[in-house]
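Colleague: I would like a close look at one part of this chain. Please take me through a single helix and then what surrounds it.

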Amino acid sequence: MAENNPQSGSKAEEEALLRADTFTNAPKVSRRTLTKEEREQIAKQREAETKEQERLAAKKAKGPIGRWWLRLQSGPDRVSWGMAIVALGVVYGDIGTSPLYTAQTFLSGQGGLAAANREAVLGMLSLVFWSITLITTVKYVFIAMRIDNNGEGGIFALYSLIRRYGRWLVIPAMLGGAAFLADSVLTPAVSISSAVEGLKTIPLMEPLFKQNTELTLMITVVIIVVLFSVQSRGTERIGKVFGSMVLVWFSFLAVVGVVNLSNDWTVFEALNPIYGIEFLFSPHNAAGIALMGTVFLSTTGAEALYSDMGHVGRGNIYFTWPFIKVALVLCYFGQGAWILKNQNNPDLAQIDSLNPFFQMMSPNVRYVAVALSVTAGVIASQALITGAFTMVSEATRLNWMPHLQVRYPARTRGQLYIPVINMVLCVATLAVLAIFRDSEHISAAYGLALTITMITTTVLLGVYLWHDGKRIGAIIFTILFLAIQIMFFVASMAKFLHGGWFTMLLTFAILGIMYTWNEGTKLERAQRRHMQPQDFLPALNKLHDDFRIPYFADNIVYLTSDSETKRLDTDIFFSIFADHPKRARAWWAVSVETTDEPFTREYCVEDFGTNYVFRVRMRLGFKVSQSLPAYIHQIMHDLSKTGELPKQKSIYPKVDADPNIGTVRYVLIHKALMPESKVSERGALSLRIKYAIRHVAGSPTKWFGLAPYNPLIEVQPLFVSTRRPPRLKRTDLLEPAPVPSRGKADPAAAPDPLDTTTGLGQLVRDSEAKTGIDTEAGAGAAAKAGAKSGAAAKN
């Protein structure tokens, strides 16, 4: 009976089609706006905030100190014990490894232990102390860290604050950022390899390393690969583990320093800066100005304090820096006391590359020192890696680098992870190891780029202070720190031929990427246009109602970077009408904005008074997955329920397994330079390089989860401003009369006695030659005159 009932057959067919949709497990949105884990995390955070408020309220009643603490914890300088531990692990790794090699390099430059007399040791200690005090404490901790861009630090964040004061500021900003990123490649290689090579000093392992000369390189490679592979877990988790180790490491530095200071407390006379200045220009200084290159090693890592400020918070760096500085000073001065005590020790005179850091310890303590130094080398690399993520993120906001996929594995937005940059840094670091092989050769290239970053940061800070009204302070600050850091740079240039060329090559390669991307972006923006509703709605309305054209898809979704919902990109408009018009039941232009809150899920819609054009802006938290298809389907269902979107029913199974919404086609638009574009050779090269970089950097198709839906990638011409090519000249009107052949006459070639145009063209040209009239205009006049004469002859 069912077979004879058409209604029953239609229902069975519909049920079969709906069943077919269930075979696709496409992502769908939940009824809730937060997951169970997110609700639990928010509840814990609120509970912690409530307890903190209660604790602060209790302290407020304890007098002025309690009220001061309350104000501190309510502002950007708030402190927490957990984040202070993270700050130790994330920020101070690089500067914490400086005591391993600074004194060793000093002795090598002065001619060995025997040449290091009291004048030399006190001069070196004085220069080291005041360099740490002026560069790290005064410049970065007291001045630079007070200047932040929404909590973010670093040279790019600083440039964002002052770029309105002059276009030339882009030069120091780009150069300094490129140098910092180049140094981020060398730091993991030099710090980890130097620490691993310390294993050779352990007597039990010495035979093993002699038999396997490449063993240190292999261990270094393994550590680096493991380090980069755990970056996706977030700096908060890594920082807590590393922070505890750094706490132990700096405590160890302080203890061994104090133990050796007990031999000679008089080294604290070096706190007087006169000792440093006198020795720097003394004839007994064997290294000359190159001594400042050695002193600079004690300040490496200072830039990381500023760059990593967004990861751990300014207050936690303020809270931990005094402990770090005291530990460093005690360690350096302890090494100085040991040098003075053992200057004439014959047992140490024959040791090549003597390292006071290890030699001032007993053999048993040295085992612990080597193990901790390896850990410190890993932590130093972490500081630069996290700083590189921050720098690239800031460069992306400035449109100096391609928009890359950014993940936020921790609870705060400042702690981010960029997969592409992580991979590039890992490969580049391994390439450095493959080229230089050991730390001795890598260290020849180390530090030179960082002096460039410090100089450019000083310039930008001086500009900020000047325009902030502190003009006298800006002049003093700029002159003082430029003088010191230019000395660092000149001294470090001695490394150029011994490996510094590699650092500079990396710096200019990164600078080239940023420059070309910036130039290409400027050219694209010169072409970018937007349309108002009164301009695009009439054409879209006509296409929507034109039933002669079949549907391209029920819904066409365009992704756009324009967050303004009251207008439409011309790129989208012309994509709809290019070639064969893309008719649809509804067109969608969707933009995605990442918020500073972790779990935001919001959207707003502008329909321009229609039921077929929708401008959507999504606001997603930085912890929210940006898989758009599920959210777009939810928006379509919401608008369908409210009647803003007409009902759509899909009669065939689809990948998205949603029969209540019609077919959806995603379109991404890329630009291509056209030959007619009026652009210089430099601009054209910048655009070509930009498009090549974008191709390598990755596609938004993967970031937004569109790959399974076969999105359409369109290429539209980038005209910028086009040249007007010269007009073509029509030649058939100017061809001379054919010369008759000597053969048999052609009757058709005989002159027509009624044709009065014969020779008229030549007469016109002769007349024009006399009067100076344009030939092309004369040809047109001749044609018109010929036509009139012909008409008169016929009449």
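Colleague: The part I have in mind is helix α28, residues 681-697. Which residues of α28 are buried, and which elements do they pack against?

Modeller: Here is α28 first, and then its surroundings and the rest of the chain. Keep in mind that this is a predicted model.

Start with length. Helix α28 has 17 residues. At 1.5 Å a residue it should span 24 Å, and its end C-alpha atoms are 24 Å apart, so the two values agree.

Now the buried side. In α28, the buried residues are Gly683, Ala684, Ser686, Leu687, Lys690, Tyr691, Ile693 and Ala697. Look at the numbering as you read that list. An α-helix has 3.6 residues a turn, so residues three or four places apart point the same way. Ala684, Leu687 and Tyr691 are among the buried residues to try this on.

What do they pack against? The partners are helices α20 (419-436), α24 (500-527) and α29 (700-703), together with strands β7 (664-673) and β8 (712-718). Just after α28 comes Gly698, with a positive phi of about 120 degrees.

Follow strand β7 next. It pairs with β2 in the parallel sense, over four bridges. In that pairing, Tyr558 has Val667 of β7 as its bridge partner. Strand β2 (residues 551-559) also runs parallel to β4 (residues 583-595), and seven bridges join them. There, Leu559 is partnered by Val590 of β4.

Lys582 lies in the loop between α26 (570-577) and β4. Is Lys582 buried or exposed? Its relative accessibility is 6%, so Lys582 counts as buried. Not counting residues up to four places away in sequence, Lys582 touches Leu543, Phe552, Ile556, Tyr558, Ser575, Ile576, Trp587, Leu712 and Glu714. Tyr558 in that list is the bridge partner of Val667.

Stay with the strands a moment longer. Phe608 sits in the loop between β5 (601-606) and β6 (613-621). Phe608 has a positive phi of about 55 degrees, although it is not a glycine. With a relative accessible area of 13%, Phe608 is buried.

Now step out to the nonpolar cores. In soluble globular proteins, nonpolar side chains tend to be buried together. The largest nonpolar core here has 154 residues. Tyr92, Trp249, Phe250, Phe333, Phe357 and Trp400 touch the most other members. Helix α19 (residues 363-397) gives the most to this core, with 15 residues. Apart from this core lies another, of 23 residues, among them Ala586, Ile632, Leu645 and Tyr666.

Take Trp400 as an example. Leaving aside neighbours within four places in sequence, its contacts include Phe156, Tyr159, Met174, Ile513, Met514 and Trp517. Asn399 is placed in the loop between α19 and α20. Its phi is near 60 degrees, a positive value in a residue other than glycine. At 15% relative accessibility, Asn399 counts as buried.

Helix α22 makes a useful comparison with your helix. Residues 448-467 form α22, which has 20 residues. From first C-alpha to last, α22 reaches 30 Å, close to the 28 Å expected. In α22, 16 of the 20 residues are buried, so the helix is largely enclosed by the rest of the structure. Gly469 follows α22, with a positive phi near 95 degrees.

One more loop. Thr299 is found between α14 (291-296) and α15 (302-307). At 0% relative accessibility, Thr299 counts as buried. Its side chain reaches the backbone oxygen of Phe296 at 2.8 Å. Beyond four places in sequence, Thr299 touches Ser131, Ile132, Ile135, Thr136 and Met454. Thr133 is found in helix α7 (residues 118-143). Thr133 and Thr299 are 166 residues apart in sequence, but 9.4 Å apart in space, C-alpha to C-alpha.

Finally, the whole chain. It holds 31 helices and eight strands. Of its 795 residues, 50% count as buried. Among contacts with a separation of 6 or more, 82% join residues 24 or more positions apart. The accessible surface comes to about 39800 Å², and 60% of it belongs to carbon and sulfur atoms.

Technical notes: Residues numbered from 1 in each chain as written. Predicted model: local features only at pLDDT ≥ 70, side-chain atom pairs only at ≥ 80, totals over all residues. Heavy atoms only, no water. Helix = DSSP H or I, 4+ residues; strand = E, 2+ residues; numbered from the N terminus. Expected span 1.5 Å × (residues − 1). Buried < 20%, exposed > 50% of the residue type's maximum accessible area, 1.4 Å probe, protein only. Contact = heavy atoms within 4.5 Å. Pairing = 2+ DSSP bridges. Core = buried A, V, L, I, M, F, W, Y, C linked by side-chain atoms within 4.5 Å. Polar contact = N/O pair within 3.5 Å; in protein donor to acceptor, adjacent residues only side chain to side chain. Areas by Shrake-Rupley, 256 points an atom, 1.4 Å probe, with all protein chains shown as cover.
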